[in-house]
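Consider the following exercises on secondary structure, solvent exposure and side-chain contacts. Each task is followed by a worked solution.

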Amino acid sequence: MGTLILSGVGGSTNWLPLILPLAVVAGLIYFVDFIVKLAKKRKLDHVNRLLNEHSTGFGDQDTTDNQL
């Protein structure tokens, strides 16, 4: 049976090559989430603007012409 030798001694192992890819993946996930939320907000704002342009509210109607 062969001998298994691990690199590094105790706590002196280099964790940077393991942490940087994880940080990049977390950053990409956050960026994609931010872009999706931004797109949904812009779509909702657009729909609300269209609805506000084409409809009048119940309280917005002028009732002064109906008086005797």
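The exercises below concern a predicted model.

**Exercise 1.** Determine how many helices and strands the protein contains, and what percentage of its residues count as buried.

*Solution.* Step 1: the secondary structure consists of one helix and zero strands. Step 2: helix H1 covers residues 16–54. Step 3: burial requires under 20% relative accessible area, and 0% of the 68 residues count as buried. Step 4: the accessible surface of the protein is about 7100 Å², with 66% of this area belonging to carbon and sulfur atoms.

**Exercise 2.** Identify which residues make the nonpolar surface patch, and state its area.

*Solution.* Step 1: the patch is made by Tyr-30, Phe-31, Val-32, Phe-34, Ile-35, Val-36 and Leu-38. Step 2: its area is about 690 Å². Step 3: one of these residues, Phe-31, lies in helix H1.

**Exercise 3.** Locate the salt bridge of the structure and characterise its two partners.

*Solution.* Step 1: the structure holds one salt bridge, in which the side chains of Asp-33 and Lys-37 meet at 3.6 Å, N to O. Step 2: this distance satisfies the criterion of within 4 Å. Step 3: Asp-33 and Lys-37 are separated by about one helical turn, because they are four residues apart in helix H1. Step 4: Asp-33 is partly exposed at 38% relative accessibility, whereas Lys-37 is exposed with a relative accessible area of 55%.

Key
Residues are numbered from 1 along each chain as its sequence is written. This is a predicted model: local features need pLDDT of at least 70, side-chain atom pairs count only at pLDDT 80 or more; totals for chains, interfaces and linings use all residues. Side-chain values use heavy atoms; hydrogens and water are left out. Patches are made of residues with over 30% relative accessible area and no salt bridge: like charges are joined within 9 Å, nonpolar side chains (Val, Leu, Ile, Met, Phe, Trp, Tyr) within 5 Å. Accessible areas come from the Shrake-Rupley method with a 1.4 Å probe; for residues, only the protein chains shown count as cover. Helices (H or I, at least four residues) and strands (E, at least two) are DSSP runs, numbered from the N terminus. Buried means under 20% relative accessible area, exposed over 50%, partly exposed in between (1.4 Å probe, protein chains only).
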